[in-house]
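Grab your viewer and work through these exercises at your own pace. Each one sets a task and then walks through a solution.

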Protein chains: 2
Amino acid sequence: MSSDRTRSAILAAAEKLYADRGFGDVTLRDIVAEANVNLAAVNYHFGSKDELIAELFVTRSLATNRERLNELKLAEEQGGGRAPIDAILHALVGPPLRGCLGPDREGSTAARFMIRASIESVPPIRRIKNREVDHLRKFIAAMRRSLPGRDDAELYWGLHFALAMTHHTIREKERLTKLSEGQCDLNDVDAIVDRVVSVSVMALTAGQTPAKKASVRPAAVHGRLTRQDL
Amino acid sequence: MSSDRTRSAILAAAEKLYADRGFGDVTLRDIVAEANVNLAAVNYHFGSKDELIAELFVTRSLATNRERLNELKLAEEQGGGRAPIDAILHALVGPPLRGCLGPDREGSTAARFMIRASIESVPPIRRIKNREVDHLRKFIAAMRRSLPGRDDAELYWGLHFALAMTHHTIREKERLTKLSEGQCDLNDVDAIVDRVVSVSVMALTAGQTPAKKASVRPAAVHGRLTRQDL
DNA sequence: TTGCAATTCAAACAGTTGTATGAAACTATC
DNA sequence: GATAGTTTCATACAACTGTTTGAATTGCAA
């Protein structure tokens, strides 16, 4: 068994540089300089530059997906196989938002890397994102169980909009802060999650009868379920 | 006055190639080959590759912004200086959605170029997008007039989410079609616009008193205002 | 027609990029 | 301590990039 000190030094250096400067202008030579390893080490350990990027992104997004499914499973167990819709959405949007936002995440290389990956869309990352459909289908299935009456199309739109708000908030947090002149607090992650969840629930339950509508727990009271549970 | 046949041939060729293959792997040599002009013509007419990209993007996004402001102005005039909130949001999200979606837009180079510009984020385009804040402030001002009671932060979040749904729908239309197995109709642009507007209105008016809430016209009845009015 | 500016052109430039090579250094096993 | 396999290293490679140059061509005005 080899000491993979070189390997992980490359991973760490690459993640840091990509997080700081984006994929566009970081070369292999920048990475090996930061990692204090030889240029040929990247191709030796990863095969190619793209495979290095892919490994970085897969690692981080697997972690997010795992968090999501844990939280979903927990919610479904608590609901006897049928989780409330706001809990499902909370499981969907909470992990990426918590992973990328918040004051403690400011210095996190992983967070800034994922934000970069969300903004710039390089080929190896795009390829991986396209395989994410299966993962999302699990949430559609849970939503179907939670809202048995709704058309499937409505569920897809609801999930789509939930992800829209999530990713756009991550991508454009800087611009929203600037536009709102600081009036939108991008550091209060729990509040943001609740906001996204509650709008998503509204999108999904609009047009429902008042009786059904009232049975949906508001997102705010769901705040118990945080990172500690995962 | 010079015949700018070369200039516009470059613009057309560049837009087409960027639309088809993305910014990542289109070189100046590809562009001049497509345009049947000399390599040096790009630098002669535009100064640099980045300035060419910038000019392409500025042209298209100025058109969108003009449409937006026209529609906003019309709505405010009809409302005596105070447009209904759904009309404001319609003016915000309608133009980009109509510009990029719909069956007739499938073959449009301009549409596909703007989708690319939305997916890949190259430096010259990012620089331009960052100047968009002033444009958005006009919509915040209109929203403030429309919903005088609301906190500014709420208005910013509402606008932010409206743009989130708009851009994410444009960016991920392919994936949503795939995920929903065709059950989400990405060709019915008017329905999508109404959907985005109505969710945005809900986000903005949540927590209002029922009396105030009822005074908001549902987005669907606003469908009269389409491209013909602009 | 002459003269002048605007435009086009072929060619080269200067730099960077990811990758491959083959020898050297290391590590663990016998 | 010899050996075999793994890892590191300096270096070269081959291709591609946006940009520049200076001469040739064109178009227009006097």
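Before the copies get compared, here is the ground rule: they are superposed by least squares on the C-alpha atoms of residues with pLDDT of at least 70 in both. The model is a predicted one, with local features needing pLDDT of at least 70, side-chain atom pairs counting only at pLDDT 80 or more, and totals for chains, interfaces and linings using all residues. Residues are numbered from 1 along each chain as its sequence is written, chains are lettered from A and ligands numbered from 1 in the order in which they are written, and side-chain values use heavy atoms, with hydrogens and water left out.

**Exercise 1. Work out how chain B is related to chain A.**

Step 1. Two copies of a chain are related by a rotation about an axis and a shift along it.
Step 2. Here, a turn of 180° with a shift of 0.0 Å along the axis lays chain B on chain A, at an RMSD of 0.0 Å.
Step 3. That is the relation of a two-fold axis.
Step 4. Now check the contact residues, where contact means heavy atoms within 4.5 Å. Of those in chain B, 100% recur in chain A, so the same surface serves both copies.

**Exercise 2. Take stock of the secondary structure and burial in chain A.**

Step 1. Elements are DSSP runs numbered from the N terminus: helices are H or I with at least four residues, strands are E with at least two.
Step 2. On that count, chain A has 12 helices and 0 strands.
Step 3. For burial, the cut-offs on relative accessible area are under 20% for buried, over 50% for exposed and partly exposed in between (1.4 Å probe, protein chains only). Chain A has 230 residues, and 52% of them count as buried.
Step 4. Take the contacts in chain A with a separation of 6 or more: 72% of them come from residues 24 or more positions apart.

**Exercise 3. Describe how α1(A) packs on α4(A).**

Step 1. Two packed helices are described by the angle between their axes and the distance between the axes. The axes are lines fitted to C-alpha atoms, for helices over the stretch in contact, and angles run from 0 to 180 degrees between N-to-C directions.
Step 2. For α1 (residues 5–21) and α4 (residues 49–78) of chain A, the axes come within 11 Å and cross at roughly 80°.
Step 3. That makes α1(A) roughly perpendicular to α4(A). The classes are: under 35 degrees roughly parallel, over 145 roughly antiparallel, 65 to 115 roughly perpendicular, the rest oblique.
Step 4. Who touches whom? On the α1(A) side you have A:Arg7, A:Ile10, A:Leu11, A:Ala14, A:Glu15 and A:Tyr18, meeting A:Lys49, A:Leu52, A:Ile53, A:Glu55, A:Leu56 and A:Arg60 of α4(A).
Step 5. Sorted by class, this contact has 7 nonpolar, no polar and 5 charged residues. Nonpolar covers Ala, Val, Leu, Ile, Met, Phe, Trp, Tyr, Cys and Pro, charged covers Asp, Glu, Lys and Arg, and the others, Gly among them, are polar.

**Exercise 4. Do the packing analysis for α4(B) and α6(B).**

Step 1. Helix α4 (residues 49–78) and helix α6 (residues 109–119) of chain B pack at about 110°, their axes 11 Å apart.
Step 2. That makes α4(B) roughly perpendicular to α6(B).
Step 3. B:Leu56, B:Phe57, B:Arg60 and B:Ser61 from α4(B) meet B:Ala110, B:Phe113, B:Met114 and B:Ala117 from α6(B).
Step 4. The split is 6 nonpolar, 1 polar and 1 charged.

**Exercise 5. Find the buried face of α2(A) and follow the chain past its end.**

Step 1. In α2 (residues 28–35) of chain A, the buried residues are A:Leu28, A:Ile31, A:Val32 and A:Ala35.
Step 2. Look down the axis of α2(A): the buried residues fall within an arc of 90°, so they line one face of the helix. The arc is taken over the directions from the helix axis to the C-beta atoms.
Step 3. A:Arg29 and A:Ala33 are exposed on the other side of α2(A).
Step 4. The buried residues of α2(A) pack against α1, α3 (40–46) and α4 of chain A.
Step 5. Just after α2(A), A:Asn36 has a positive phi of about 55°.
Step 6. A:Leu39 sits in the loop between α2 and α3 of chain A and is partly exposed at 32% relative accessible area. Beyond residues up to four places away in sequence, A:Leu39 touches A:Leu28, A:Arg29 and A:Val32.
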